[in-house]
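Student: I would like to go through this structure with you and ask, term by term, what each description rests on.

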Amino acid sequence: KFEVLKDKDYKKVVTEILDEIPLFQRDNGGFAYWKNTTETWPYLSAFTMYTLVKAKHNGYAVDQRTLDRTAEYLRKVLAREVDWPWYRWWSWYCTDALALYALALEGKPDHGYMDRLYAKRDSLPIFSRAYLLKALVAARGNPRMIQDLARDLSNHAKISQTSAHFEDRDAYGAPWIWDSQT
């Protein structure tokens, strides 16, 4: 059972969490895992932007300045103005695709970068392709690109009588982006 919110007002809990999120934002607009550190994490920042935008779309009060600062940080991530030494190419691709999705949801799509990432689609992990597809749909991007990515993902689905899942061609080992083959 999921009892974390048992006997609690979930809207109040969500509001309290949303109010605390800006405490993790740093001067560069990115987010840290802990309040007492300065290091920002690109994937965490993209995921935080996604979370804040979804909360805003669901009627929660979200500080627009926090969103704007995060959007600017993510644009710097896409331009590789943010260095992250532990990332490998697959981590960057997944981070970029999630950043594009979060920006598109906020109404700030980067169609040019979506086009560039789409051009590399055959080398993208499936995880990245899925986020890119979501970004293109949210941004009302190129219909041909949307169709191609949707078909590609469908072709990678492993379907049995009781389930469906995806397997990447390699276990990329991407813990920085919370990827898992399980």
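Student: What makes Ala97, Leu100, Met114, Leu117, Tyr118, Leu124 and Leu149 residues that leucine 132 touches?

Tutor: Contact means heavy atoms within 4.5 Å, and leucine 132 touches those seven, residues up to four places away in sequence not being counted. This is a predicted model, in which local features need pLDDT of at least 70 and side-chain atom pairs count only at pLDDT 80 or more, while totals for chains, interfaces and linings use all residues. Residues are numbered from 1 along each chain as its sequence is written, and side-chain values use heavy atoms, with hydrogens and water left out.

Student: Why is the set that includes Leu132 and Met49 called a nonpolar core?

Tutor: The term denotes buried Ala, Val, Leu, Ile, Met, Phe, Trp, Tyr and Cys residues joined through side-chain atoms within 4.5 Å, buried meaning under 20% relative accessible area with a 1.4 Å probe and protein chains only. The largest such core has 49 residues, of which Met49, Leu100, Met114, Leu117 and Leu132 touch the most other members. Its largest share, eleven residues, comes from H4, a helix being a DSSP run of H or I with at least four residues, numbered from the N terminus.

Student: How do you know that the radius of gyration agrees with a compact globule?

Tutor: The rule, taken over C-alpha atoms, is 2.2 Å times the number of residues to the power 0.38; for 182 residues this gives a value near 16 Å, and the protein has 17 Å, so the two agree. The C-alpha trace spans about 45 × 40 × 30 Å along its principal axes, and 42% of the residues count as buried.

Technical notes
Buried < 20%, exposed > 50% of the residue type's maximum accessible area, 1.4 Å probe, protein only. Helix = DSSP H or I, 4+ residues; strand = E, 2+ residues; numbered from the N terminus.
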